[in-house]
Amino acid sequence: MALRTGLLGTGYWARETQGAALAAHPDVDLVGVWGRDAGRAQALADHLGARAYTDVDALIGDVDAVAVALPPDVQAELALRAARAGRHLLLDKPVALSGEAAAALAAEAGRRELASVVFFTMRFSAAMDAFLRETAAAGGWNGAQATLLADALRPGSPYSRSPWRRRKGGLWDIGPHALSLLLPVLGPVAEATAVAGPHATTHALLRHEGGAVSALALTLDATSAGRRWEFVFHGVNGVVSPPGDAQTPVAAFTAAIDELREAVAGGRPSTLDVRFGYEVVRVLEAAQRSVTERRTVPVER
């Protein structure tokens, strides 16, 4: 049966990625759209051929699952409400802006045995999945370097008016992408040391529990000439880099929908569920505290 789903959010990502994939999926019934701006919700619902809701709880009550495309702090609150109502979750990264909020969400989903998937865009690719499995199995990695310098806040970018991205920066917006590749290969992070640099760049050293160290440089405020997207694992067997992103965000989100449907049907739970989302937020929070407090900060377990 089709998975009755509600979309929470009306922004660029909701329209071009989540909404587009949900509306086109043959095994999804996109019941409705809710947004903080009723006019935008109506416009998006009309575009997607769905119903606009003015009451978010009414939409939650009419569906089996919610897909959320909202700022992380808003997402955490509404996803928790949906989980308490017994709804499965298809969330964006990061799942929250605090470890406390992420923990509450993960605990509620676990208590109610809900299926959940967090949309780490690069992870929903067969080539990336194969790469991470093979790299983790090879072992012997001393660490990794991730240099992710984006110009997402430039004038004209669809993200240039995103208040939460301007406030939280690359650490919280593209840091989750880096961690979604690091953690499966190098394992959990034990502690973080981070400093702030020019162009709102966060430089972080992460010591993983197995002893490997990863170095990250993250910003959304690079100049056009300074854009760079490089990722490398290094160790006793040499160096390897993940495959390039060959699929569109809509294709990736379609794969995320399929993963959620499999988990809802009683199949294999996603490895990218809210528990993994919580693990990512714990690392981000430790790195942020390190910048503020100017010391190495352990990742709370």
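Is arginine 81 buried, partly exposed or exposed, and at what relative accessibility? In this predicted model, arginine 81 has a relative accessibility of 29% and so counts as partly exposed. The close-ups below start with that residue and then visit other charged and aromatic side chains.

**View 1. Arginine 81 meets aspartate 57 in a salt bridge.** The closest N and O atoms of this pair are 2.6 Å apart. Here the contact joins distant parts of the chain, as aspartate 57 belongs to helix H3 (residues 56-61) and arginine 81 to helix H4 (residues 72-84), 24 residues apart. Aspartate 57 is partly exposed, its relative accessible area being 40%.

**View 2. Arginine 81 also forms a salt bridge with glutamate 77.** This time the closest N and O atoms lie 3.8 Å apart. Both residues sit in helix H4, and because they are 4 residues apart, about one helical turn separates them.

**View 3. Aspartate 129 and arginine 133 pair within helix H6.** Their side chains form a salt bridge, with 2.9 Å from N to O. Helix H6 covers residues 126-138, and the two partners are 4 residues apart, about one turn of the helix. Arginine 133 has 54% relative accessibility, so this residue counts as exposed. Aspartate 129, with a relative accessible area of 30%, is partly exposed.

**View 4. Four charged residues share a salt-bridge network.** Look here for Arg289, Glu293, Arg295 and Glu300, which are linked to one another through salt bridges. For the model as a whole, the count comes to 18 salt bridges.

**View 5. Tyrosine 12 and tyrosine 159 make an edge-to-face pair.** The model has 9 aromatic pairs by count. In this one, the ring centres are 5.8 Å apart and the planes stand at 90 degrees; planes over 60 degrees apart count as edge-to-face, so the pair falls in that class. Tyrosine 12 lies in helix H1 (residues 12-24), while tyrosine 159 is found in the loop between strand S7 (141-149) and helix H7 (163-173); the two are 147 residues apart and link distant parts of the chain. At 43% relative accessibility, tyrosine 12 is partly exposed.

**View 6. Both tyrosines belong to one aromatic cluster.** The cluster is made of Tyr12, Trp13, Phe119, Phe124, Tyr159 and Phe253.

**View 7. Two arginines lie over tyrosine rings.** The charged end of arginine 51 is placed over the ring of tyrosine 53, 4.0 Å from the ring centre. Arginine 282 lies over the face of tyrosine 278, with 4.7 Å to the ring centre.

How values were computed:
Residues are numbered from 1 along each chain as its sequence is written. This is a predicted model: local features need pLDDT of at least 70, side-chain atom pairs count only at pLDDT 80 or more; totals for chains, interfaces and linings use all residues. Side-chain values use heavy atoms; hydrogens and water are left out. Buried means under 20% relative accessible area, exposed over 50%, partly exposed in between (1.4 Å probe, protein chains only). Rings of Phe, Tyr and Trp (its six-membered ring) pair if their centres lie within 6.5 Å; planes under 30 degrees apart count as stacked, over 60 as edge-to-face and the rest as tilted. A charge sits over a ring if NZ of Lys or CZ of Arg is within 6 Å of the ring centre and within 35 degrees of the ring normal.
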